[in-house]
Each structure stands twice: as structure tokens, then as C-alpha cells.
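The following exercises concern charged pairs and nonpolar packing. Please examine the sequence and the model before reading each solution.

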Amino acid sequence: KELRKMSLDYLTSLPFDGHAIGGALGKDRDELIELLTWFMPLLPEHKPNHLLGIGDVESIERAVPLGVDTFDSCFPYAQREARLGAHE
């Protein structure tokens, strides 16, 4: 966590319009959410936060309340689910 904190401190000091979150974010969904729970409060609230490579509905539903604004993914059913507004 110390290295992640150093990285966050540096990146948030730069004049970016928003922040992309990606890389090694845990081995499963629970670790991803644990990590997001820890570091999302460290990101500026007034800038958008984009989570890279995550597109399954459960992860999105759990990440949005933590402050993630946008997502992208090659998750096979993400487009169909978004278009239909429902998931199985």
C-alpha cells in the first residue's frame, strides 16, 4: 500500500482532467473492491475516475458507490446487458 500511496500522491499532483485506474487490481472481485475502497477516497472528488478493463455488472454495481465514474471492458456480454438494461 505504501507504493500505491506514493503513486497516488504523485499522480494527483499533476494537472490531469481525470484519473484512469488499472493494472494489478487484485486476483478477484473482492480484492478489487477492497483496493478501491482503500484508495478511491484518496483521489480528487471533482475529477472523473475511469476503471480500466472492468465491465461485469456486479463489479460496476459495487464500484460506482465508491466513486468510479466510467468503465471499459471486453467483457463478452457487457454491451448486450447495457443495451437491454438487464442482466441474468
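**Exercise 1: A salt-bridge network**

Arg29 forms a salt bridge with Asp56, with the closest N and O atoms 2.8 Å apart. The structure is a predicted model: local features need pLDDT of at least 70, side-chain atom pairs count only at pLDDT 80 or more, and totals for chains, interfaces and linings use all residues. Residues are numbered from 1 along each chain as its sequence is written, and side-chain values use heavy atoms, with hydrogens and water left out.

Task: determine which parts of the chain Arg29 and Asp56 link, and which residues share the network.

Step 1. A salt bridge here is a side-chain nitrogen of Lys or Arg within 4 Å of a carboxyl oxygen of Asp or Glu.

Step 2. Arg29 lies in helix H2, and Asp56 in the loop between strand E2 (49–51) and helix H3 (57–63), 27 residues apart. Helices (H or I, at least four residues) and strands (E, at least two) are DSSP runs, numbered from the N terminus.

Step 3. A salt bridge also joins Asp30 and Arg62 (3.1 Å, N to O). Because Asp30 lies in helix H2 and Arg62 in helix H3, this pair ties together parts 32 residues apart in sequence.

Step 4. Through shared partners, salt bridges join Arg29, Asp30, Asp56, Glu58 and Arg62 into one network.

**Exercise 2: Accessibility of the partners**

Task: classify Asp56 and Asp30 as buried or exposed.

Step 1. Buried means under 20% relative accessible area, exposed over 50%, and partly exposed in between (1.4 Å probe, protein chains only).

Step 2. Asp56, at 13%, is buried, while Asp30, at 51%, is exposed.
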